[in-house]
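Here are some short exercises to work through with the structure open beside you. Try each task before you read its solution.

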Amino acid sequence: QVQLVESGGDSVQAGGSLTLSCAPSGSTIYSMHCMAWFRQAPGKEREGIAARKSGGSTSYADSVKGRFIISIDNAKNTLYLQMNSLKPEDSGVYFCAAARPLLWCSGGLNSLAYANWGQGTQVTVSS
């Protein structure tokens, strides 16, 4: 069982930046061919916002394209989400997700593609 632990959530003002981190235990970033970030705002469904497949291909929700960057650091065994030009509508709980290690995965922004989830970290953007 892979455990994912997010960190980096905070309260920031609109226009600011924040970087979220996700560290797996029980596995390595290198073995997880598909990883992603999702977020859930109060009263709304969880939405996929950024995804990455091994090999480096990435995909983003239109709402964050050009502002957010998903990346990994194999040496630190960590997945990141760099968030720039934050808006109040970016507020919510951010979740890290990963497909089962070593297996083929479809990836993308559909939550059904991911079997492992973190507990979430809160991001609040004030205007």
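**Exercise 1. In what sense do β1 and β3 pair, and over how many bridges?**

Solution. Start with β3, which covers residues 18–25. Between this strand and β1 the model, a predicted one, has five bridges, and the pairing is antiparallel. To find your place along the pair, look for E6, which sits opposite C22 of β3.

**Exercise 2. Place the pair in its sheet, and work out which strands stand at the edges.**

Solution. First, read the strand order: β1-β3-β8-β7, four strands in an open sheet with antiparallel pairing. Next, look at the two ends of that order. β1 (3–7) and β7 (68–73) each have a single partner strand, so one side of each lacks a neighbour in the sheet. Finally, consider the twist: on average, neighbouring strands here are turned by 20° against each other, direction ignored.

**Exercise 3. Where is N77, what is its phi, and is N77 buried, partly exposed or exposed?**

Solution. Locate N77 in the loop between β7 and β8 (78–83). Its phi is near 50°, a positive value in a residue that is not glycine. As background, most residues other than glycine have a negative phi. For exposure, the relative accessible area of N77 is 21%. Buried means under 20%, so N77 counts as partly exposed.

**Exercise 4. Do the same for L102: give its loop, phi and exposure.**

Solution. L102 lies in the loop between β9 (92–98) and β10 (116–117). Phi of L102 is near 70°, again positive in a residue other than glycine. The relative accessibility of L102 is 65%; exposed means over 50%, so L102 is exposed.

Key. Residues are numbered from 1 along each chain as its sequence is written. This is a predicted model: local features need pLDDT of at least 70, side-chain atom pairs count only at pLDDT 80 or more; totals for chains, interfaces and linings use all residues. Side-chain values use heavy atoms; hydrogens and water are left out. Two strands pair if DSSP finds at least two bridges between them. Helices (H or I, at least four residues) and strands (E, at least two) are DSSP runs, numbered from the N terminus. Axes are lines fitted to C-alpha atoms, for helices over the stretch in contact, and angles run from 0 to 180 degrees between N-to-C directions. Buried means under 20% relative accessible area, exposed over 50%, partly exposed in between (1.4 Å probe, protein chains only).
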